[in-house]
Amino acid sequence: MLTRTLALVALAALLAPPVWAEGGGVRPEDARPPGLILLEERPGLGGKQAFGIYGAVADPANPGLWRIKFWDEQPNNVQVRSETIRCTPEAPLRVTSNGFTFFVRTLNPGGAITPANRIDQLVWWATCFPEQAGKDPAGLAALARQLGYSGTLRESEQALPGPPR
């Protein structure tokens, strides 16, 4: 009986209107920062889900290295993370975090696009080549080769513990 009650409470929480809908807050989409490059927006449980990047700043000491803000919008919550993107053909990279762990991902622009690397590729292309922002990275293989990316790099991920909370 307790399990059923917990399941019903959890379901009610998922189906409840977002907090902003009760008149006390701002809709996440209305809080989007100026210059946000929206990479994907789709309907989700309780409202829209979206992600994008903004605030890209080149590292003056390291050519090809960028610092960005990653915008992760859920129906009743927004998370903004600072990320680092490296655009060089020899070692394209995305460093991101989930708040507990840092992920260092070596990318392969022009290679196979899978559900596991799709967001990384979208973020990488939008940062390194903003004119390609939001385009399906699976269709950018020929462009990647023209730009000097082999499309044959080995993708990898390292997970590193983040700061203690």
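## Why these labels?

Me: Why is arginine 42 called partly exposed?
Reply: Its relative accessible area is 41%. Buried means under 20% and exposed over 50%, with partly exposed in between (1.4 Å probe, protein chains only), so arginine 42 gets the middle label. Bear in mind that this is a predicted model, where local features need pLDDT of at least 70, side-chain atom pairs count only at pLDDT 80 or more, and totals for chains, interfaces and linings use all residues. Residues are numbered from 1 along each chain as its sequence is written, and side-chain values use heavy atoms, with hydrogens and water left out.

Me: How do you know that glutamate 40 and arginine 42 form a salt bridge?
Reply: Their N to O distance is 2.2 Å. The rule asks for a side-chain nitrogen of Lys or Arg within 4 Å of a carboxyl oxygen of Asp or Glu, so this pair qualifies. Glutamate 40 itself is buried, because its relative accessible area is 18%.

Me: What makes glutamate 29 and lysine 48 a salt bridge?
Reply: Their side chains meet at 3.6 Å, N to O, so they pass that cut-off too. Glutamate 29 sits in the loop between helix H1 (2-15) and strand S1 (37-44), while lysine 48 belongs to strand S2 (residues 47-58), so the bridge ties together parts 19 residues apart in sequence. Those helices and strands are DSSP runs numbered from the N terminus (H or I, at least four residues, for helices; E, at least two, for strands). Both partners count as partly exposed: glutamate 29 at 21% and lysine 48 at 38%.

Me: How many salt bridges does a search of the whole structure find?
Reply: It turns up 14. Some are linked in a network that joins Arg27, Glu29, Asp30, Arg32, Glu41, Lys48 and Glu73.

Me: How do you know that cysteine 87 and cysteine 128 form a disulfide?
Reply: Their sulfur atoms are 1.9 Å apart, and a disulfide here is a pair of cysteine sulfurs within 2.5 Å, so the label fits. The pair links distant parts of the chain, 41 residues apart: cysteine 87 is in the loop between strand S4 (77-86) and strand S5 (93-97), cysteine 128 in helix H2 (residues 118-128). By this rule the count is 1 disulfide.

Me: Why is the disulfide of cysteine 87 and cysteine 128 called left-handed?
Reply: Because the torsion about its S-S bond is about -85°.

Me: What makes cysteine 87 and cysteine 128 buried?
Reply: Cysteine 87 has 9% relative accessibility and cysteine 128 has a relative accessible area of 13%, so they fall under the buried cut-off.
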